[in-house]
Amino acid sequence: MEKLMLVGEGVFPVVKDAEGNAIAEIPATGWNISGTVQGEGKLAGTPSLFIRLASCNLRCIWQMDDGSFCRCDTSYASFHPNDKKAWNVDEIVNVIKQNIGAMQHVVITGGEPLLQKNGVAALCKSIKENLGLHITIETNGTIFCEELTKYVDLFSISPKLSNSVPSAERLKFYNEAETPSSRYHHEVRKNMPVLQSYIDKSNDLQLKFVVAKQSDADEIINDYLKVLKGYKKCDTMLMPLGATHEQITKSNPIVLQMCIQNGWKYTPRIHIDIFGSKQGV
Ligand code: SF4
């Protein structure tokens, strides 16, 4: 039986355990029901359950246009995946079954889910065969697994631009040590053969670039869009950098103008508008 390492909230937001018994705590949404909405991308607003996997091969820290820093909004899954637990595939599927209600959509996220690609493939197979749900996987686009294309309906790929690299100054700002698992792993952040495989072999995808600076547009065009072949322009979207409502408000004008000038879609971050930077929503 494949096991997956989940972090923090695991499967969320839920009100029942794998046996269907009520869980004592109310979900982080503050609502006594299972589920939330997908906050980003082409399925923004879709009622969903989320599964959060531990660990990431990157350690993103961006600089905003005003010079301030902003790091990965799920650092508890990437920088410090300490609160983690091994789950059997059956246990995850049973929790989904007990909590899915009228929702039709699950989102597998992280961290970087593809670090556990064999377990994720077993999970997606079981979700499809037993529950028939729509599956989105959120990935940074550094790892590809062909087996997953049989089961995943939407790959939400967020390639990381050079502004995400955690320089010594940025790591110091967040009191993070400069280790091989921080700075140097960002050498793998841009993997064009992997991105091309997603375009060539997946059912549906979106290329969701996190943007904070004017210079990001040239990098998106020259380093990615002029190199990749066969993607649909309507699948290219920009998301404002920010882990808080205030940071997103700062990024928004740059991102919206860039979308208009280049004919790219803008994607909101609905969950931050509604819940702020809360975990488990
Ligand atoms: S790739 Fe995503 S999960 Fe990993 S550190 Fe960057 S923002 Fe966080």
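Which residues have the most contacts inside the largest nonpolar core? In this predicted model, they are Ile-92, Ile-96 and Val-211, within a core of 63 residues. Helix α2, residues 117-131, supplies the largest share of this core, namely six residues. In soluble globular proteins, nonpolar side chains tend to be buried together. For Val-211, the contacts beyond four places in sequence are with Asp-216, Leu-238, Met-239, Pro-240, Leu-241, Ser-251, Ile-254, Val-255 and Met-258.

The protein chain as a whole contains seven helices and twelve strands. Its radius of gyration is 18 Å, close to the 19 Å given by the globule rule for 281 residues, so the chain is as compact as a globular protein of that length. The C-alpha trace spans about 50 × 40 × 35 Å along its principal axes. Of the 281 residues, 41% count as buried. Among contacts with a separation of 6 or more, 75% are accounted for by residues 24 or more positions apart.

Strand β1 (residues 3-12) pairs with two strands described here. With strand β6 (residues 84-88), β1 runs antiparallel and is joined by five bridges; in this pairing, Trp-87 of β6 is the bridge partner of Leu-4. With strand β3 (residues 47-53), β1 also pairs in the antiparallel sense, over three bridges, and Phe-12 stands opposite Phe-50 of β3. Phe-12 is further joined to Pro-13 by a cis peptide bond, with omega about -20°. Pro-13 itself is found in the loop between β1 and β2 (36-37).

The surroundings of the ligand comprise Cys-56, Leu-58, Arg-59, Cys-60, Cys-72, Thr-74, Ser-78, Gly-110, Gly-111, Glu-112, Asn-140 and Lys-160. By residue class, this shell divides into four nonpolar, five polar and three charged residues. Two residues of the shell, Gly-110 and Gly-111, are connected by a cis peptide bond with omega of about 5°. Gly-111 lies in the loop between β7 (105-109) and α2, the helix that contributes the largest share of the nonpolar core.

Backbone geometry with positive phi occurs at two non-glycine residues considered here. Ser-55 has a phi of about 80° and is placed in the loop between β3 and β4 (61-63). With 18 other C-beta atoms within 10 Å, Ser-55 is partly exposed, because burial requires 20 or more and exposure 12 or fewer. Asn-175 has a phi of about 55° and is found in the loop between α3 (168-173) and α4 (192-201). Asn-175 counts as exposed because 6 C-beta neighbours lie inside 10 Å.

A further loop position is Gly-230, located between α5 (216-225) and β11 (236-240). Gly-230 counts as exposed, with 7 C-beta neighbours inside 10 Å. Beyond four places in sequence, Gly-230 touches Ile-199 and Asp-200. Gly-230 and Asp-153 are separated by 77 residues in sequence and by 18 Å in space, C-alpha to C-alpha.

Notes:
Residues are numbered from 1 along each chain as its sequence is written. This is a predicted model: local features need pLDDT of at least 70, side-chain atom pairs count only at pLDDT 80 or more; totals for chains, interfaces and linings use all residues. A nonpolar core is a set of buried Ala, Val, Leu, Ile, Met, Phe, Trp, Tyr and Cys residues joined through C-beta atoms within 7 Å. Helices (H or I, at least four residues) and strands (E, at least two) are DSSP runs, numbered from the N terminus. Two residues are in contact if their C-beta atoms, placed from the backbone, lie within 7 Å. Two strands pair if DSSP finds at least two bridges between them. A residue is near a molecule or strand if its C-beta atom, placed from the backbone, lies within 6 Å of it. Ala, Val, Leu, Ile, Met, Phe, Trp, Tyr, Cys and Pro count as nonpolar, Asp, Glu, Lys and Arg as charged, and the others, Gly among them, as polar. The radius of gyration is taken over C-alpha atoms; the globule rule is 2.2 Å times the number of residues to the power 0.38.
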